[in-house]
Amino acid sequence: MGELAGLHSAMDRLFGDFFGGPAVESGGQIPVQTWYLPIDVIDQAKGYEVKAPVPGFNPEDVEVTYMDGVLTITAQRSEESTSQAGIYLRREMKFGNFVRSIQLPAEVKQGEIKASFDNGILTVQIPKVPKPQPVKIQVTGKRQNQLVGVNAQK
């Protein structure tokens, strides 16, 4: 899946370089694009850890949601509207929405999911519900006497 997303991004860059970037809509606005957000998912003993690089974002620009077993990370970067003297010779900084959704196994503690932001890396800690352990059940009852031999007596 990651290779397919990488190929998709490479094709987007190729067409963007060849045709000069996204087309301008009739209102003169460049449409807001959604970009693929790469992630790492680590299965740890007590939970899952999801890491996503979001350099240049502030924590308030990043939203993490969990619903129906799907973790969604959304980061929005809007184009700065400061006026500059001169023209761009090359403009590669992406503006728009960065989104990634992944399906997680059902055994997570939804209310205990935590997200932290450090040096441009978003880390989401998702604790697992402990697996049920077998419980030994005491068997009670009367003991039955066994007869031994043909002419055994009680």
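Which residue lies over the face of Tyr48? That would be Lys128, at 4.8 Å from the ring centre. Keep in mind that this is a predicted model.

Let's start with the sheet. Four strands, in the order β2-β3-β8-β7, make up an open sheet with antiparallel pairing. At its edges stand β2 (40-43) and β7 (114-118); each has a single partner strand, so one side of each is left without a neighbour in the sheet. From one strand to the next, the twist averages 15 degrees. Look next at β3 (residues 47-53) and β8 (residues 121-127), antiparallel strands that 7 bridges join. Along this pairing, Ala52 of the one strand faces Leu122 in β8.

Now for the packing. The largest nonpolar core contains 20 residues, and Val50, Val54, Val62, Leu71, Ile73 and Ile126 are those with the most contacts inside it. At least two residues of this core come from each of β3, β4 (62-67), β5 (70-77), β6 (96-103) and β8. Val54 is a good place to zoom in: leaving aside residues up to four places away in sequence, it touches Leu37, Val62, Ala75, Phe117, Gly120 and Leu122.

Finally, the aromatics. Searching the whole structure turns up 1 aromatic pair. The partners are Phe57 and Phe98, arranged edge-to-face, with 5.5 Å centre to centre and 80 degrees between the planes. Phe57 sits in the loop between β3 and β4 while Phe98 belongs to strand β6, so the pair ties together parts that are 41 residues apart in sequence. Both rings' residues are tucked away: Phe57 is buried at a relative accessible area of 8%, and Phe98 counts as buried at 11%.

Conventions:
Residues numbered from 1 in each chain as written. Predicted model: local features only at pLDDT ≥ 70, side-chain atom pairs only at ≥ 80, totals over all residues. Heavy atoms only, no water. Pairing = 2+ DSSP bridges. Axes fitted to C-alpha atoms, helices over the stretch in contact; angles between N-to-C directions. Core = buried A, V, L, I, M, F, W, Y, C linked by side-chain atoms within 4.5 Å. Buried < 20%, exposed > 50% of the residue type's maximum accessible area, 1.4 Å probe, protein only. Contact = heavy atoms within 4.5 Å. Phe/Tyr/Trp six-rings, centres within 6.5 Å; stacked < 30°, edge-to-face > 60°. Lys NZ or Arg CZ within 6 Å of the ring centre and 35° of its normal.
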